[in-house]
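Thanks, everyone. I'll take a few minutes on one model. Here it is.

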Amino acid sequence: MKEGNFMKTMQIFEPAMCCSTGLCGVGVDPELLRISTVLDTLKKHGVTVDRFNLNSAPMEFVNNKVVNDFINDKGPDGLPVTVMDGKIVLTGKYPTNAEFTEWLGLPADLLGKPVEKAQSSDSCCCKGGCC
């Protein structure tokens with residue numbers, strides 16, 4: 001972080017999964033693995049992104065007005081939802097590495113190669129409680 005810069009606040013609200021990261025069971029979703037890796041890398045660089053799972057942190061969904069309104073309107077199938085500084089910036093998928101670095105004002109190469117394919121998170125083994 002550069003001195004004097006205001007660090008933006010990012011939160012990711014995720015669908016119900018059997019564990020906090022979704023990295024459980026036998027068929028681990030590569031997109032969830034990527035997100036866990038990205039968030040670990042950001043944390044090592046002093047950037048915290050809060051991550052909330054509908055199963056393990058339901059009150060975060062209730063207490064966040066924009067997320068609560070989103071779920072009341074679209075339902076949990078619209079998750080994940082990414083919130084920046086209190087405003088929804090992305091729904092239905094996770095941010096790409098480029099979006100993470102751009103939105104958080106970080107060096108573009110911080111998270112590795114900029115070329116990546118955004119994937120749907122529908123293949124999580126935990127969706128529907130199969131874990």
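Start at a turn. Right after α1 comes G46, and its phi is positive, near 80°. Keep in mind that this is a predicted model.

Now back up into the helix itself. α1 runs over 15 residues. From first C-alpha to last it reaches 21 Å, close to the 21 Å expected at 1.5 Å a residue. Which residues of α1 are buried? They are E31, L32, R34, I35, S36, V38, L39 and L42. What do they pack against? The buried residues of α1 meet β1, β2, which is 49–53, and α4.

Next, the sheet. It is open, with four strands, and the order is β2-β1-β3-β4. Pairing is mixed. β2 and β4, residues 87–91, sit at the edges. Each has a single partner strand, so one side of each has no neighbour in the sheet. On average, neighbouring strands are turned by 20° against each other, direction ignored.

Look at the pairing of β1 with β3, residues 81–84. Those two strands run antiparallel, over four bridges. Within that pair, F13 stands opposite V81 in β3.

Now the helices on the sheet. α1 packs there and touches β1 and β2. The direction of α1 makes about 145° with that of β2. α3, residues 65–74, also packs on the sheet, touching β1, β3 and β4. For α3, the angle is about 45°, taken with the direction of β4.

That brings us to the cores. In general, nonpolar side chains of soluble globular proteins tend to be buried together. Here, the largest nonpolar core has 19 residues. Which of its members touch the most others? M10, L42, V49, F100 and L104. The elements giving two or more residues to this core are β1 (10–14), α1 (30–44) and α4 (97–104). α1 gives the most, with five residues. There is also a second, separate core of 10 residues. F13, V67, V81 and V83 are among them. So F13 and V81, the opposite pair from a moment ago, are both in that second core.

Last stop, T9. This residue lies in the segment before β1. Buried or exposed? Neither: T9 is partly exposed, because its relative accessible area is 38%. Leaving out residues up to four places away in sequence, T9 touches V83, M84 and D85. T9 and D50 are 41 residues apart in sequence, yet 8.4 Å apart in space, C-alpha to C-alpha.

That's my tour. Over to you.

Key. Residues are numbered from 1 along each chain as its sequence is written. This is a predicted model: local features need pLDDT of at least 70, side-chain atom pairs count only at pLDDT 80 or more; totals for chains, interfaces and linings use all residues. Side-chain values use heavy atoms; hydrogens and water are left out. A nonpolar core is a set of buried Ala, Val, Leu, Ile, Met, Phe, Trp, Tyr and Cys residues joined through side-chain atoms within 4.5 Å. Buried means under 20% relative accessible area, exposed over 50%, partly exposed in between (1.4 Å probe, protein chains only). The expected span of a helix is 1.5 Å times one less than its number of residues. Contact means heavy atoms within 4.5 Å. Two strands pair if DSSP finds at least two bridges between them. Axes are lines fitted to C-alpha atoms, for helices over the stretch in contact, and angles run from 0 to 180 degrees between N-to-C directions.
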